[in-house]
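Q: Please take a close look at one edge of the sheet in this structure, and describe how its parts are arranged and covered. A connected account would be preferred to a list.

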Amino acid sequence: MNVFNQLKAVYDWVNPFLDIFILAFLLYSIYGILVKTQAAQLFKGIVTLFMIYAAAFVLNLETLLWILNALAPGLVVGVAIIFQPELRKIFLKIGQSDLFTIGKRSKRSYIDAVVSSAEKLSSYKRGMLVVFIRKNTLKDIVESESGTRLDARISSGLLVTIFGHDTPLHDGAVVVHGGTILAAACYLPLSEQQDIRKTFGTRHRAALGIAEQTDAVVVIVSEETGAMSLAYDSKLYYDLSSSELTRQLETLLDVSDESSGQEGKNE
């Protein structure tokens with residue numbers, strides 16, 4: 001009994017700290033999800049409604065309280081309808097799990113192949129759109145009717161062939177996982193951001209769109225300017241150098257330093 005009492009005493013002492021830690025972790029995680037899904041407006045709206053209700057309660061504004069209480073069920077449904085895209089993105093982020101990943105981790109040579117092809121296509125001013133899978137499998141995009149399944153080993157020559165000429169596969173995105181091109185000519189969802197540059201075309205909007213809805217990393221080459229860019233976590237980083245592109249891809253894809261051979265470098 002003495003041991004049990006001692007353990008209970010320790011638990012009672014640790015319990016408040018554990019409670020605060022878990023709550024802080026949950027709030028931080030929710031904040032991270034809101035930022036990545038561009039759902040800050042949803043959070044602001046909820047906070048505003050809460051502040052109005054709190055003010056009405058403190059000031060004892062009975063008429064306003066009655067109206068808010070009467071409208072509360074309708075407001076909940078209305079928020080769910082209005083912010084349906086943002087809520088969907090939040091649940092997509094929550095649903096990310098290593099259990100749903102496929103294939104092996106990308107190696108450095110795969111990144112070298114993509115960056116090398118991006119440099120060539122940039123010099124030709126040919127557009128390119130390459131999507132790297134991380135935790136979300138993108139199964140619906142890979143297996144969509146618009147895409148063409150390849151399951152081919154990635155190489156710079158293959159990517160230049162796909163995007164460097166007006167072939168049936170050049171229009172759309174190539175989806176990559178590890179050292180494999182899963183599919184080409186895949187259509188991506190377009191971005192819903194309103195403040196995107198007007199000079200950006202469909203390719204950049206599609207890259208932002210998939211980066212808003214999933215954790216994918218996207219490499220873009222502009223057909224108009226030849227600029228190489230990167231999209232991830234709902235943001236687009238425009239006009240990067242090849243060294244910046246390589247460095248960011250290595251970090252984002254968690255590439256190990258071990259060599260994976262020369263595959264992907266040969267054209």
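What is the relative accessibility of Tyr238, and as what does this residue count?

A: Tyr238 has a relative accessibility of 26% and therefore counts as partly exposed. The cut-off for a buried residue is under 20%. The model is a predicted one, and every value given here is computed from it.

Tyr238 belongs to one of the two aromatic pairs that a search of the whole structure finds. Its partner is Phe200: the ring centres are 5.3 Å apart and the planes stand at 45°, so the pair is classed as tilted. The two residues are 38 positions apart in the chain, with Tyr238 in strand β7 and Phe200 in the loop between β4 (180-186) and α8 (202-213), and the pair thus links distant parts of the chain. Phe200, at 10% relative accessibility, counts as buried. The other pair, Tyr232 with Tyr237, is stacked, with 4.9 Å from centre to centre and 20° between the planes. Here too one member is buried, since Tyr232 has a relative accessible area of 12%. Its partner Tyr237 counts as partly exposed at 29% relative accessibility.

The sheet itself gives these residues their setting. Seven strands make up an open sheet of mixed pairing, in the order β2-β4-β3-β1-β5-β6-β7. β7 and β2 (148-153) are the edge strands; each has a single partner strand, so one side of each is left without a neighbour in the sheet. Ignoring direction, neighbouring strands are turned by 20° against each other on average. At the β2 edge, that strand runs antiparallel to β4 and is joined to β4 by four bridges, one of which pairs Thr148 with Ala184 in β4.

At the β7 edge, β6 and β7 run antiparallel and are joined by four bridges. Ala231 has Leu236 of β7 as its bridge partner. The two strands form a hairpin with two residues between them, and Asp233 in the turn has a positive phi of about 50°. On its other side, β6 is again antiparallel to its neighbour, with four bridges to β5. In this pairing Val221 stands opposite Met228 of β6. β5 and β6 also form a hairpin, here with six residues between them; Gly226 in that turn takes a positive phi of about 80°.

The strand shared by these two hairpins is mostly covered, as five of the five residues of β6 are buried. In a regular strand, side chains alternate between the two faces of the sheet. In β6, Met228, Leu230 and Tyr232 point one way, whereas Ser229 and Ala231 point the other way, and all are buried.

Helices lie across this part of the sheet. α8 lies across β1, β5, β6 and β7, running at about 175° to β5. α5 lies across β1, β5 and β6, and runs at about 165° to β1. At 1.5 Å a residue, the 17 residues of α5 should span 24 Å, and the 25 Å between its end C-alpha atoms agrees with this. The buried residues of α5 include Tyr110, Ile111, Val114, Val115 and Leu121. Among the elements that cover the buried residues of α5 are β1, β5, β6, α7 (156-164) and α9. Just after α5, Lys125 has a positive phi of about 55°.

Helix α9 (residues 242-252) has Leu245, Thr246, Gln248, Leu249 and Leu252 as its buried residues. Their cover includes α5 (108-124) and the strands β1 (128-132), β5 (217-221), β6 (228-232) and β7 (235-240). Asp254, which follows α9, has a positive phi near 55°.

Confidence varies along the chain. The average pLDDT of the protein is 79, and 77% of the residues score at least 70. Among the elements, β5 has the highest mean pLDDT, 96, and helix α4 (residues 84-94) the lowest, 62. Residues 96-106 stay under a pLDDT of 50, and the model has 24 contacts for them beyond four places in sequence. The pLDDT is also below 50 over residues 256-267, a stretch with 24 contacts in the model beyond near neighbours in sequence.

Methods
Residues numbered from 1 in each chain as written. Heavy atoms only, no water. Buried < 20%, exposed > 50% of the residue type's maximum accessible area, 1.4 Å probe, protein only. Contact = heavy atoms within 4.5 Å. pLDDT = per-residue confidence, 0-100. Phe/Tyr/Trp six-rings, centres within 6.5 Å; stacked < 30°, edge-to-face > 60°. Pairing = 2+ DSSP bridges. Axes fitted to C-alpha atoms, helices over the stretch in contact; angles between N-to-C directions. Expected span 1.5 Å × (residues − 1).
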